[in-house]
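Please look over the structure below and read the notes that follow it. They are grouped by topic and written in plain terms.

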Amino acid sequence: MRLKIRRICLRGKRAMSKETPLLPADYGQWLTEIKGRVLAARQKAALAANAELVSLYWHIGRDILERQAAQGWGSKVIDRLGRDLREAFPEMKGFSRANLLYMRAFAEAWTDEQIVQQAVGQLPWGHNVLLLNRVKNAEVRLFYVRKALAESWSRATLEIHLKNRLHERQGQAVTNFTARLPAPTSALAQETLKDPYLFDFLGLGEEAHERDIEQALVQHITRFLLELGSGFAFVGRQYRLEVNGDEFFIDLLFYHTRLKCYVVVELKATAFKPEHAGQLNFYLAAVDAQVKAPDDHPTIGLLLCKTQNRLVAEYALSGIDKPIGIAEYELVRALPEPLVTNLPTVEQLESELSDWQDEDGQVSEISG
């Protein structure tokens, strides 16, 4: 009887081993590594496909520009080209009249093929179209291209930064970073801060108190982090410090993953005063002593004021030991109108091309 039971158990074990074979001890780790390789390969393939598509659009746009300049033809050729390409490649959706005109504008905006291959071509076509529509200056446009690539901006994020004119505010805070931080870190820290910061998404009026602003920023932490920029991780609000029995509370505490340091943010609903810098300097010393890990870089302070006199701020920071930046914030938008392109819109291009032809389709002379 025992022998029979043992045979049944052995047959059961053999059946189970066929259904679920014994796996190596490191199988789970190996599977994770393979999944990572698959995802990386898919991402590389997608990026390569995007780069090829953008390059194709640039070459088509350049051909349109060159042939128009040499032969003087107008919009009817664009229409015919779009129809023929859609007929030849029905699975592709990029050969509409409007998109062909964007290809032309794209080639006109970026005349250097090397820039297209190395930078612009890494952005999705939708990002490029947005930049064509919104940015008139080539250097400014390249600024947004590089930022979008470095920080992996979505199209919506790019649009927010364009609307808020990031290029005019980035790196503009008054700081003492050059004197208080080593060269590589000081440049990155300076570029991390901006002036002014825009808090118009809070829905507060100009008379809002510090605690109201602070509470609203925490309630809208996603938008606040977007305005601060990449690398900021929220640690806490009213962060408690105890120094020899006395309590102190930091308005907002962050950790910056690229700078590898804590960032203390203090809010002042008034104009900047020199004593504000002294208070923040004390907080930084306390965080360095009590919170900072041995391998963290020195803590940085950001003082956000309603207004500031830049010369007074520079004088105040000259005698401060810790790295501090001072910037204004705006609760109500006070920026110029959004960026306007010096490139023609699709509608302008269509009108321009139509003017190149007679009503019967014959080519007219090109003035200018």
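In strand β7, I326 is the bridge partner of L303. The model shown here is a predicted one. The strands on either side of that bridge, β6 and β7 (residues 324-330), run parallel and are joined by five bridges. The points below begin with these strands and then turn to helices and to single residues.

**Strands β5, β6 and β7**

- Strand β6 covers residues 300-307, and six of its eight residues are buried.
- Strand β5 (residues 261-271) is also mostly covered, with nine of its 11 residues buried.
- β5 and β6 pair in the parallel sense, over seven bridges.
- Within this pairing, V264 stands opposite G301 of β6.
- V265 has L302 as its bridge partner in β6.
- The chain passes from β5 through helix α14 (residues 274-290) to β6, and these three elements make a right-handed β-α-β unit.
- A right-handed β-α-β unit is also made by β6, helix α15 (residues 310-318) and β7.
- As a general point, side chains in a regular strand alternate between the two faces of the sheet.

**Strands β3, β4 and β5**

- Strand β3 (residues 232-243) pairs with β4 in the antiparallel sense, over 10 bridges.
- One of the paired positions is Y239, whose bridge partner in β4 is I250.
- The hairpin of β3 and β4 has two residues between the strands, and N244 in this hairpin takes a positive phi near 55°.
- β4 and β5 run antiparallel and are joined by five bridges.
- L252 stands opposite V265 of β5, and L253 stands opposite V264 of β5.
- V264 therefore has a place in two pairings, as it stands opposite L253 and also opposite G301 in β6.
- V265 likewise faces L252 and has L302 as its partner in β6.**The loop residue K260**

- K260 is found in the loop between β4 (246-256) and β5.
- Which residue takes a positive phi in the hairpin of β4 and β5? K260 does, with a phi near 60°, and the hairpin has four residues between its strands.
- K260 has this positive phi although K260 is not a glycine.
- The relative accessible area of K260 is 43%, and K260 is partly exposed.

**Helix α13**

- Helix α13 spans residues 221-228, and its buried residues are F224, E227 and L228.
- Why do the buried residues of α13 line one face of the helix? Seen down the axis of α13, they fall within an arc of 100°, so they share one face.
- In general, an α-helix has 3.6 residues a turn, so residues three or four places apart point the same way.
- G229 comes just after α13 and takes a positive phi of about 115°.

**Helices α6 and α8**

- Two packed helices are described in general by the angle between their axes and the distance between the axes.
- Helix α6 (residues 125-134) packs with helix α8 (residues 155-163) at an angle of about 15°, and their axes are 10 Å apart.
- Angles under 35 degrees count as roughly parallel, and α6 and α8 are therefore roughly parallel to each other.
- The crossing in which α6 passes α8 is right-handed.

**Helix α7 and the loop after it**

- A138 lies in helix α7.
- With a relative accessibility of 41%, A138 counts as partly exposed.
- How many residues apart in sequence are A138 and W110? They are 28 residues apart in sequence, and their C-alpha atoms are 8.1 Å apart in space.
- S152 is in the loop between α7 (138-151) and α8.
- S152 is not a glycine, yet S152 has a positive phi of about 55°.
- Is S152 buried or exposed? S152 counts as exposed, at 64% relative accessibility.

**A cis peptide bond**

- D195 and P196 are joined by a cis peptide bond, with omega about 0°.
- P196 is in the loop between α11 (183-192) and β2 (197-198).

Conventions
Residues are numbered from 1 along each chain as its sequence is written. This is a predicted model: local features need pLDDT of at least 70, side-chain atom pairs count only at pLDDT 80 or more; totals for chains, interfaces and linings use all residues. Side-chain values use heavy atoms; hydrogens and water are left out. Buried means under 20% relative accessible area, exposed over 50%, partly exposed in between (1.4 Å probe, protein chains only). Two strands pair if DSSP finds at least two bridges between them. A crossover is right-handed if, with the strands pointing away from the viewer, the path from the first strand over the helix to the second runs clockwise. The arc is that of the directions from the helix axis to the C-beta atoms. Axes are lines fitted to C-alpha atoms, for helices over the stretch in contact, and angles run from 0 to 180 degrees between N-to-C directions. Angles under 35 degrees count as roughly parallel, over 145 as roughly antiparallel, 65 to 115 as roughly perpendicular and the rest as oblique. A crossing is left-handed if the near helix is turned anticlockwise from the far one by less than a right angle, and right-handed if clockwise.
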